[in-house]
Structures are given as structure tokens and as C-alpha cells.
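Trainee: Could you take me through this structure and explain what lies behind each of the terms that are used for it?

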Amino acid sequence: MSISNSLNNAMSGMNVASRMAEIVSSNVANSLTEGYGRRSLGAQSGGLGGVEVGSVTRFVDRGVLADRRVADGRLGGFEFLVSTMNRVEDAVGRAGESGSISSRIVAVEAALIDAAADPSSVSRLASLSDRMTDLTDGLYTASKEVQQLRVEADTSISDQIQLLNKSLEQVDSLNDDIQRSIATGNDPSSLMDQRQVVIDKISEIVPVREIDRGRGQIALMTPTGATLLDGQPAVFGFVQNSVITPDMTLASGGLSGITINGAPIATDGLGKLTGGTLGAAFQARDVELVNAQEGLDAIAADLIERFQSPTVDPTLAAGQAGLLTDSGTAFDPLNITGLSQRIALNAAVDPAQGGVLTNFRDGINATAPGSSGDSSLLQSLRFALDEPSASGTDPTQQSAASRASNFESGIGAQRLNYDAELSFSTARWEGLKEAEAAGGVDTDYEMQMLLRVEQSFAANARVIQTVNTLMQRLMEI
Amino acid sequence: MAMISTGDMRQYFMNQRNTSATKTELSTLVQELTSGRVSDLTAHLGSDQPRLASLDRKLELLATFSQSNLATSQLLGTMQTAMGSVDSNRSRATDALLTVTQASTEVNIAQAGSVAQSTFEAVVSGLNTRLGGRSVFGGNDLDARPLASADVMLADLKATVTGLTTGPDISAALDVWFDAPGGAFETIGYQGDTGGFLERSVSADEVVNIDLRADDPAFRNTLKAMALGVLAADTGMALDIETRRDMQQQAATALLGAAGSLAGVQGRVGFLEAQVDEAQTRTAAEETSFGIARNLLVSADPYETAVRLEAVQTQLETQFALTARLSRLSLAEYLR
């Protein structure tokens with residue numbers, strides 16, 4: 001009968017209104033949630049009259065989301081590189097600050113001038129010895145810090161690989177849950193929200209693109225073409241090293257790269273997983289920090305070579321270690337790696353190791369104290385530092401202090417490069433994040449919906465009231 | 001459905017980013033204004049970093065040279081003072097010895113001889129001057145006394161000339177004692193270093209060679225002449241009065257001749273002093289100009305920074321006002 005049909009229609013209308021209110025309430029409750037896709041209810045007119053609840057649509061702008069994920073990866077990567085280079089700059093020294101390697105070399109030069117002004121003064125020779133020890137300590141500390149940063153990069157890679165594996169498994173299980181939920185006719189939106197959050201976490205490590213595989217399933221691929229998840233998640237492996245020394249590199253086999261499903265991913269250890277914090281950690285560990293270490297070792301080699309020549313110190317035999325040594329022995333051009341951790345003051349001038357301070361003035365191999373006012377060796381040591389000469393690893397002719405300051409400015413310049421890339425990435429990321437956020441929940445809109453729902457509910461209730469009155473009337477006959 | 005709504009989060013996100021960016025800029029400007037230096041020097045200098053490092057190095061070395069040049073000037077000044085006293089002693093001895101004539105008596109000769117002895121001792125102690133515990137005329141040996149004591153030298157001289165009776169013989173013996181290479185003066189008298197001269201750097205590329213030691217011929221001639229005067233009055237030697245008179249007159253002549261070479265030595269030291277002074281002036285001028293250049297590289301102009309600080313402050317206040325206004329602009333407020 002049409003009266004009972006009207007009742008049914010009104011009931012369905014109230015049902016839809018209350019479902020809409022539920023959607024509105026869910027949207028408003030999640031208005032501040034990251035990764036929440038705004039829901040909306042699709043209503044369609046019912047086959048037998050009235051209205052039927054359609055599906056719940058979850059709004060996500062896939063294009064902006066994909067671009068924002070790539071930008072996330074780039075941003076995280078450059079942030080890591082900038083902070084690493086900042087710490088290298090701290091260790092090595094910045095322009096204009098005291099305590100840098102080049103300022104320690106200058107302090108040695110000044111101490112040589114002081115000692116030459118009064119070569120008989122043992123206290124000036126002691127202060128020269130202190131400045132030289134400061135220099136070797138500075139190189140040692142800087143090199144240790146660089147290797148420590150490599151250990152941190154290595155640890156970061158290991159943590160990220162673990163997180164990546166776990167997250168891929170989570171996405172895989174969420175895929176199954178969503179498929180099951182759709183099959184049983186439930187609303188998978190909140191599972192999709194969770195999956196979006198997990199994939200956001202993955203794309204900081206390695207930027208990924210989602211590929212729809214139907215029935216709510218997705219596959220994950222990197223923009224460079226590596227498959228992370230397609231039905232089955234890929235399993236990544238990595239061997240962490242807790243102690244890293246300058247001679248350990250990927251090429252030498254001392255450090256490990258990533259394995260995918262048990263096989264090594266590529267010769268550079270990273271393969272196609274570039275673009276995120278994982279790529280940045282590899283860049284730091286295998287390129288930037290190795291370059292920094294090589295620069296420090298080149299400075300150490302240059303210093304040792306300058307003092308090792310018999311033209312500078314006539315008491316030295318050819319090939320004998322001079323004022324600065326490679327842990328006590330002479331300089332070996334084939335063994336430069338890690339030299340900055342081995343550079344040391346010659347025992348012949350160090351009272352703590354059985355030497356005498358006056359050997360600074362008289363020569364490394366001097367057997368008896370020479371003339372107390374003879375400043376010729378001290379002067380020639382100073383000229384040796386100042387002389388523009390080419391080092392084995394670097395053919396440009398420069399003085400020791402300027403070689404060190406060029407190295408420091410190189411580190412600073414690299415940090416500025418990454419800074420510039422970071423600010424570009426940040427601007428791009430901000431723009432995309434803003435566009436993504438624009439597609440989120442708008443509480444004003446939801447309030448308006450609520451007004452309409454209220455109105456619709458009230459109207460349907462009125463219809464039921466009227467139908468009830470009609471039926472009452474009927475009963476009164 | 002077409003996009004007819006804009007998410008709330010967009011507004012919050014934009015406000016947050018803008019406010020934090022402005023606050024970061026504000027704190028950077030405050031730091032620059034209070035310290036007077038640019039905060040991120042690496043970014044400010046860019047590829048000019050090695051220039052700053054080399055300016056710093058030059059300033060440090062100039063400061064060190066400035067200090068050591070003071071010490072070198074003091075050394076040269078001490079040398080000049082000592083040589084002044086040597087010269088005044090020489091002229092005192094000359095005056096005393098010139099009073100000896102053919103008519104002089106034993107007493108006159110003895111008087112002249114005692115003046116010669118006291119001036120000999122004064123010259124030896126003058127050449128043994130020390131500055132800050134370091135000997136000045138000993139060459140590269142700063143510890144030992146350059147000359148043996150006057151008594152030791154005179155005793156050895158007396159021993160060398162015992163038995164000689166004529167003036168020319170004694171003069172010849174003194175010549176051998178003082179001037180022969182490897183002779184008694186070089187073995188017993190001069191105890192300093194013979195290897196080289198004192199060298200002191202006065203600037204990064206300039207060295208002064210202080211080529212004056214107690215064994216310089218000017219000093220040897222002066223001492224030789226004074227010794228002749230002393231030996232002439234020595235009562236322990238068997239000499240007749242004629243010989244003694246001749247010896248002392250010869251000593252006076254020799255001392256007059258030594259004046260020229262002493263003046264030459266003083267002139268050499270004066271030239272070195274001028275060299276050091278000039279280097280010192282140059283160092284001071286370079287320190288000033290490099291200091292100015294360094295300031296230009298690292299300092300932040302306070303006026304410009306203050307103006308930017310005002311602008312950023314106003315910007316931040318505007319952002320705060322806007323944030324407050326926009327947060328009240330929501331439909332939910334009007335549905336209360």
C-alpha cells in the first residue's frame with residue numbers, strides 16, 4: 001500500500017540522514033588527523049522507492065599525494081646531508097673561527113717565529129711543542145669524528161632497512177584486510193587511512209608510487225623502477241658495522257650494501273632505492289665522509305712530507321722521519337688512508353717520550369745541544385710550512401695553511417650546496433603539503449552538511465508523523 | 001563531486017610555517033645585531049672563505065712579528081749602549097796614554113798603565129753585557145760569557161811576553177796573541193760561538209743578520225792597544241823606561257786608530273736598528289689594513305640589520321593578528 005510505502009520511504013530517508021550524520025561526525029572528529037581522507041556518502045534512489053545508502057567515498061588527490069611523497073623523500077634526504085655536513089664543519093673548523101685545522105697550523109707558525117726570536121728559551125720551545133701537539137690532536141679528533149659520523153650513517157641505514165621491512169609487511173597485511181573488508185561489504189576507509197600513513201613513512205625512506213591493483217589492493221614501486229611490494233613484499237637485508245675505520249669502504253668489502261631477497265642489490269650498495277633518507281645515508285657514508293677523510297689525510301701527508309726533507313733539517317738522513325711522523329715511522333706515500341689518525345710528534349723532540357725540546361732547534365738527530373742562539377733550523381722549519389708545494393695527492397702548489405683552509409672551505413661549500421637543495425626541496429614540499437591539506441576536512445562545509453541533515457531528518461520525521469495521523473484517521477472510521 | 005571545500009588543515013599549516021619562518025629570521029637578525037658579526041659566515045662568504053682564512057693568518061703572524069721585533073730592537077739597543085761605553089773607555093784610555101811623553105816619570109807611566117788596566121776591564125765587562133740573562137756579543141751562543149775575565153787574559157798576556165825586552169817584539173807578540181787564527185785570543189779569550197751570526201726574522205720574508213760578535217777586529221784592536229798600555233806599566237817585567245814610554249805612546253796611537261773601526265761597527269748596528277724599526281712600522285700598517293679588510297668581510301652592518309629587524313618584527317605582529325582573526329572565522333562559531 002502506498003501509505004506503508006511512504007512510511008518505508010520516510011524510514012529510509014531517516015536512515016540515510018543518520019548515516020550522513022555519522023559520516024559528518026567522523027569527518028569533524030578527524031579534522032586534524034594527518035593521512036585522513038575526507039569521507040562522503042553517496043546516496044542513490046532505491047529500486048523499490050525511497051533512498052538507499054550508496055558507498056562511502058574516500059577523497060584522496062592521488063597526484064598531489066604521489067608528488068608530496070617524492071618531495072618528502074627528497075626533503076628528508078637533504079636534511080640528513082645538511083646536518084651531516086654541519087657536523088663535519090664543526091669537527092674540521094669553520095671560516096673565521098679559532099680551533100680549525102688551518103688556525104692550528106697558523107699557531108704552529110707563530111710559535112716557530114716566537115721560538116726563533118729567542119732560541120735559547122726552553123719555555124718557547126715547550127710552547128712550540130704544545131702547538132704541534134694541538135695540531136696533531138686536531139687532525140686526530142676531526143678524523144675520529146668523521147668516522148663516527150660514518151658509523152651513525154651506517155646505523156641509520158640499518159634502522160631504516162628494518163623499518164622498511166616492517167612497514168612493507170604492514171602494508172601487505174593491510175592490503176589483505178582491505179580486500180576482505182570490501183568482499184564482506186564493510187567500509188574499508190579507515191584501513192585505507194592507516195595504509196596511507198604507513199606508506200608515508202616508507203616514502204621518507206625511499207620515495208614510492210602507489211599502483212592500484214584492483215579490489216583495494218595496491219602495489220608499491222619506486223619512481224626509478226624498483227618494485228617494493230606487488231602481491232609479496234620484498235625483503236631487504238643489511239649488515240651493520242659498529243666500528244668503522246678509514247680503510248673500510250664498500251669497494252674494499254669492509255662495509256656492506258643492501259641485499260634484496262638475499263641477493264646484493266647493486267655494486268654501489270643502494271641500486272634504485274635513491275631519493276630518500278636511505279640514499280642520503282649512503283651518500284654520506286660512501287661519498288661525502290670518505291672525501292672529508294681523504295682531505296684530512298692529504299693535509300696530514302703534506303705536513304709530514306714538508307718536515308721530512310734533509311734540506312729542511314740537515315741532521316736527517318734521506319727517508320728518515322722528520323718532526324712529524326706516521327706513528328713513529330717515516331712517510332709512506334702508499335699508506336695515506338687514515339694518516340690523520342696516525343700523525344704524531346717525533347719522539348726525539350717530545351720529553352714525554354724520551355726526547356729533548358732543544359732538538360727543535362738543533363735537529364732531530366742532534367746528539368748534543370747546539371748553539372743556544374742558533375735560529376736557523378727554526379726559521380727553515382717555518383719556511384718549510386709556508387712554502388707553496390704540491391702534495392702527492394694534490395698537484396696545486398700551496399702553503400700548508402692555505403691547503404687546510406681550502407679543504408675547510410670545500411666542506412663549507414658542499415654544505416651550502418646541500419643547504420640550497422634543502423631550501424628548494426622545502427619550498428616544493430610546502431607547496432605540495434599545502435595542496436594536499438586543502439583537500440582535507442573543512443569544518444565549515446561539514447557544519448553546512450549537518451544543517452542539511454538536520455533539516456532532512458526533521459522533514460522525514462514530519463512525514464512519518466503525518467502518515468501516522470493518516471493511519472489513525474483510518475482507524476477511527 | 002567537484003571540489004567545493006578547502007580543508008582546515010591548509011590554513012593551520014600555512015600559518016604555522018609562516019610564523020616559524022619569520023621567528024627564525026627574527027632570531028638570526030637579533031643575534032647579528034648584538035654580536036655585530038654575520039651569523040652564518042660560510043653562507044655570507046661563499047667562495048671567499050680562503051681569503052678570510054689567509055687574512056686571519058696574516059694578522060696572527062704580524063702580531064707575533066710585532067712582539068719579536070720589540071725583542072730584537074731591545075737587543076740591538078743594548079749592543080749600541082755597550083759599544084758606547086767601549087768607545088768612551090777607549091777615549092779615556094787614549095787621553096791618559098797621550099799624557100805620556102819623553103819627559104814622563106815612572107809615576108806617570110804607572111798612572112797611565114792603571115787607567116789602561118781599568119779601561120781594559122771596563123771594555124771586557126761591557127762586551128760581556130747580558131740582556132735578560134742572554135749574552136749579547138757571543139754570536140749564536142747565548143749562554144756562555146763571550147770574553148774570559150780581564151784578569152785571565154792579562155795574566156796569559158804577561159806570561160806570553162815575559163822575557164821580551166824591546167817594544168817591537170812585545171807588539172809583535174801581542175799581534176800574534178790577538179790576531180792569529182787559532183791564536184790565544186780565539187782559544188782562551190773569546191768563549192762565544194764562532195759558527196755564524198745571530199739572525200732574527202723581522203717579517204715574513206725579511207731577516208736581519210746581526211753580524212757583530214766580541215771577536216770583531218775593532219774590539220780586538222782596542223783591547224790589544226789597551227793591553228800594550230797595561231804591560232808597559234807592569235813592574236814585574238824588566239823593561240827600561242824608554243821602552244815603556246814608547247810602548248805607551250804606541251798604544252795611544254793605536255787607540256786613536258781604533259776609533260774609526262769602532263765608529264764603523266756602531267754604524268752597522270745603527271743600520272740594523274733602522275731596518276728593524278722600518279719593519280716594525282710596516283708591520284703595524286699592515287696589521288691595520290688587514291684588520292679593516294677582515295672587518296669588511298665578517299661584520300654585519302648594524303643599521304641595515306636594525307632596519308630589517310623592524311620590518312620582520314612588524315611582519316610577525318601582523319601574522320599573529322591574522323592568525324587570531326582567522327581562527328574566529330568559522331561557521332561553528334556562528335552556530336553557537
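Trainee: Which residues line the second largest cavity, and what makes them lining residues?

Mentor: The second largest cavity is lined by A:I113, A:A116, A:A117, A:Q379 and A:R382 from one chain, and by B:F65, B:S68, B:R200 and B:S201 from the other. They count as lining because each has an atom within 4 Å of a point of the cavity, a cavity being a set of points, on a 1 Å grid over the protein atoms alone, where a 1.4 Å probe fits but cannot get out. The elements giving two or more residues here are α3 (101-117) and α9 of chain A, together with α3 (49-98) and β3 (198-203) of chain B, and α3(A) gives the most, with three residues. Helices (H or I, at least four residues) and strands (E, at least two) are DSSP runs, numbered from the N terminus.

Mentor: A word on the source: this is a predicted model, in which local features need pLDDT of at least 70 and side-chain atom pairs count only at pLDDT 80 or more, while totals for chains, interfaces and linings use all residues. Residues are numbered from 1 along each chain as its sequence is written, chains are lettered from A in the order in which they are written, and side-chain values use heavy atoms, with hydrogens and water left out.

Trainee: How is the lining of the second largest cavity divided by residue type?

Mentor: It divides into four nonpolar, three polar and two charged residues, where Ala, Val, Leu, Ile, Met, Phe, Trp, Tyr, Cys and Pro count as nonpolar, Asp, Glu, Lys and Arg as charged, and the others, Gly among them, as polar. The volume of this cavity is about 40 Å³, a volume being the space filled by probe spheres set on the grid points, which are joined across faces, edges and corners.

Trainee: How many cavities of 30 Å³ or more does the structure hold?

Mentor: There are two, and the largest holds about 50 Å³ of space. Its lining includes A:F307, A:D313 and A:L381, and α8 (359-362) and α9 (376-386) of chain A are the elements that give two or more residues to it.

Trainee: What makes the space of about 760 Å³ a pocket?

Mentor: A pocket is an open set of points with protein on both sides within 12 Å along at least five of seven lines, and the largest one has that volume of about 760 Å³. It is lined by 37 residues, of which A:E34, A:G35, A:K433, A:E436 and A:A437 lie nearest its centre.

Trainee: Why is A:N27 called buried?

Mentor: Buried means under 20% relative accessible area, exposed over 50%, and partly exposed in between (1.4 Å probe, protein chains only); A:N27 has 1% relative accessibility, so this residue counts as buried. A:N27 lies in helix α1 (residues 2-29) of chain A.

Trainee: Why, then, is B:V107 called exposed?

Mentor: The relative accessibility of B:V107 is 54%, so by that cut-off B:V107 counts as exposed. Its place is in helix α4 (residues 106-127) of chain B.

Trainee: How do you know that β8 and β9(A) pair?

Mentor: Two strands pair if DSSP finds at least two bridges between them, and strand β8 (residues 259-260) of chain A and β9(A) are joined in the antiparallel sense over two bridges. One residue of this pairing is A:I260, whose bridge partner in β9(A) is A:A263.
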